[in-house]
Amino acid sequence: PFSSTPAQVADATVKALRGGKDVVWVPGILRPVFAIMRVLPRAIWRRLPR
């Protein structure tokens, strides 16, 4: 559901490099998802289904 084409990734990468960004999320909807995952305590993270 979150697939991207190589062209989309390339465009986002060029835009991020021009903007001085260190991290690029393609597609952009993944940014908030991983921001939440980053702050989850380890005990909860380990219990999530994979």
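**Exercise 1. Confidence**

Which element of the protein has the lowest mean pLDDT, and which the highest?

*Solution.* This is a predicted model: local features need pLDDT of at least 70, side-chain atom pairs count only at pLDDT 80 or more, and totals for chains, interfaces and linings use all residues. Residues are numbered from 1 along each chain as its sequence is written, and side-chain values use heavy atoms, without hydrogens or water.
- Step 1. pLDDT is the predictor's confidence in each residue, from 0 to 100. The protein's mean is 88, and 100% of its residues reach 70 or more.
- Step 2. Helices are DSSP runs (H or I, at least four residues), numbered from the N terminus. Helix 3 (residues 42-47) has the lowest mean, 82. Helix 1 has the highest, 94.

**Exercise 2. Helix 1**

Work out whether the length of helix 1 agrees or disagrees with its expected span.

*Solution.*
- Step 1. The expected span is 1.5 Å times one less than the number of residues.
- Step 2. Helix 1 has 14 residues, so it should span 20 Å. Its end C-alpha atoms are 20 Å apart, which agrees.
- Step 3. Look just past the end of helix 1: Gly-20 has a positive phi of about 75°. Most residues other than glycine have a negative phi.

**Exercise 3. The largest pocket**

Describe the lining of the largest pocket by residue class.

*Solution.*
- Step 1. A pocket is an open set of points on a 1 Å grid over the protein atoms alone, where a 1.4 Å probe fits, with protein on both sides within 12 Å along at least five of seven lines; lining residues have an atom within 4 Å of a point.
- Step 2. The largest pocket has a volume (the space filled by probe spheres set on the points) of about 210 Å³.
- Step 3. Its lining includes Lys-15, Trp-25 and Arg-31. Helix 1 (residues 6-19) gives the most, four residues.
- Step 4. The lining has five nonpolar, two polar and three charged residues. Gly counts as polar here.

**Exercise 4. An aromatic pair**

How are the rings of Trp-25 and Phe-34 arranged?

*Solution.*
- Step 1. Rings of Phe, Tyr and Trp (its six-membered ring) pair if their centres lie within 6.5 Å; planes under 30 degrees apart are stacked, over 60 edge-to-face, the rest tilted. The count comes to one aromatic pair.
- Step 2. The centres of Trp-25 and Phe-34 are 5.0 Å apart and the planes are at 15°, so the pair is stacked.
- Step 3. Buried means under 20% relative accessible area, exposed over 50%, partly exposed in between (1.4 Å probe, protein chains only). Trp-25, at 28%, is partly exposed. Phe-34, at 33%, is partly exposed.

How values were computed: Helix = DSSP H or I, 4+ residues; strand = E, 2+ residues; numbered from the N terminus.
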